[in-house]
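Me: I'd like a close look at a single part of this protein: a pocket and what sits around it. Could you walk me through that, and then through the rest?

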Amino acid sequence: RVRIMLSNEYGPQDLRIGAAHIAAAGDAAGSTGGPGQTLTFGGQTTAVVPAGAPILSDPVDMNVAPLQRLAVSLYFPQPTPITTIHWDGLQPAQIAAGNVTAAATIKADSVMNSRLFLSAVLVEVAPGTRSVVAFGDSITDGAASTPGTDSRWPDFLARRLSGQNVAVLNAGISGGRVLKNHMGPNALARFERDVLGQPGVASVVLLMGINDISWPGSSFEPGEPATQADALIAGYRQLITRARSRGVRIVGATLTPFESALTMPGSPIANYYSPAKDALRQRINHWIRNSGEFDAVLDFDAVVRDLQNPLRIRPAYDSGDHLHLGDAGNKAVADSIDLKLLLGDR
């Protein structure tokens with residue numbers, strides 16, 4: 001069985017749902033692979049989601065294979081401001097007028113690569129199934145990977161774990177920081193919702209901190225003072241303590257290189273990188289590798305750095321902006337993960 005979760009977490013007023021539908025996704029964008037099913041909420045085909053709240057649909061009988069794509073369609077019966085959104089969703093959302101939720105093919109009036117209001121798809125699983133949460137920023141979110149191809153590093157990890165009763169949940173938010181809000185809440189604020197509150201979570205991979213290091217003094221936060229290593233480490237320690245208090249294994253990933261990041265011609269972003277910022281990254285990575293405070297360590301820095309210039313991502317893995325991994329780089333870090341170490345199975 002399958003159900004969905006809709007979220008109005010950032011909405012200041014009620015969110016009205018006029019209809020909802022789920023089906024296997026078709027081969028073409030905006031198409032389904034079958035008739036699908038109408039979703040209900042407490043037995044009703046309409047729903048009101050209060051401001052700041054989520055809502056779960058009733059379960060429907062539906063066999064879902066590992067890695068299968070689904071098409072979820074929502075109808076909003078009145079003008080609806082887009083408030084709760086995963087803006088870097090990297091999966092085309094087809095937007096059309098009227099109630100076309102049950103249509104086999106949607107002729108879109110517009111398309112956006114963001115996910116609107118849909119926060120989870122929950123699938124009934126066999127007892128003993130576990131979840132791994134990838135908790136991070138834009139590198140985990142898959143920024144600069146190819147849209148519509150599921151080429152984020154958690155996607156490649158999910159493929160490796162397919163058939164082993166382990167789900168991979170991507171909790172990457174582009175622009176995410178450990179200590180401060182900006183593009184979404186800080187890591188300490190969202191850890192309960194995005195990690196500890198997820199069903200069956202056994203392990204979390206923490207890859208976050210590059211924005212804490214790079215944003216101060218950049219175009220993002222020009223007046224913000226430099227982040228201090230002790231403050232960032234204190235944030236990591238809080239996440240470690242909270243994970244262990246709930247019996248969740250926490251795995252630290254080293255921060256990847258970023259020399260010359262976001263300096264492409266025409267980029268509006270300045271001062272994202274500096275030697276002093278990279279020195280802080282190196283200090284943080286030394287602590288991640290050698291402190292012994294994480295349950296395990298994944299050395300993503302060692303996997304993707306250029307052997308000729310270790311301050312940069314190697315060209316084959318670089319998306320081109322010198323910060324985010326391309327599809328090959330995402331696959332490389334996923335392939336480097338020791339699955340037994342990840343899950344603590346030895």
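Reply: Sure! A word on terms before we start: a pocket is an open set of grid points, on a 1 Å grid, with protein on both sides within 12 Å along at least five of seven lines. Keep in mind that this is a predicted model.

Now for the second largest pocket, which has a volume of about 280 Å³. Its lining is made up of 17 residues, and Trp-87, Ser-138, Ala-143, Ser-174 and His-324 are the ones that lie nearest the centre. Sort that lining by type and you get ten nonpolar residues, five polar ones and two charged ones.

Next, the buried parts. The largest nonpolar core has 62 residues, and the ones touching the most other members are Phe-135, Trp-153, Tyr-236, Ile-284 and Leu-342. Helix H5, residues 229–245, gives the most to this core: seven residues. Let's zoom in on Ile-284: leaving aside residues up to four places away in sequence, Ile-284 touches Ile-213, Ala-229, Leu-232, Ile-233, Tyr-236 and Leu-255. There's also a second, separate core of 17 residues, with Ala-20, Phe-41, Leu-116 and Leu-118 among them.

Finally, have a look at strand E16, residues 249–253, where four of the five residues are buried. E16 pairs with strand E15 (residues 201–207) in the parallel sense, over four bridges, and Arg-249 in E16 stands opposite Ser-203. E16 also runs parallel to strand E17 (residues 296–298), joined by three bridges; there, Val-297 in E17 is the bridge partner of Gly-252.

Methods
Residues numbered from 1 in each chain as written. Predicted model: local features only at pLDDT ≥ 70, side-chain atom pairs only at ≥ 80, totals over all residues. Heavy atoms only, no water. 1 Å grid on protein atoms, 1.4 Å probe; cavity = no way out; pocket = protein on both sides within 12 Å on 5 of 7 lines; lining within 4 Å. Points joined across faces, edges and corners; volume = space filled by probe spheres on them. Nonpolar A, V, L, I, M, F, W, Y, C, P; charged D, E, K, R; others polar. Core = buried A, V, L, I, M, F, W, Y, C linked by side-chain atoms within 4.5 Å. Buried < 20%, exposed > 50% of the residue type's maximum accessible area, 1.4 Å probe, protein only. Helix = DSSP H or I, 4+ residues; strand = E, 2+ residues; numbered from the N terminus. Contact = heavy atoms within 4.5 Å. Pairing = 2+ DSSP bridges.
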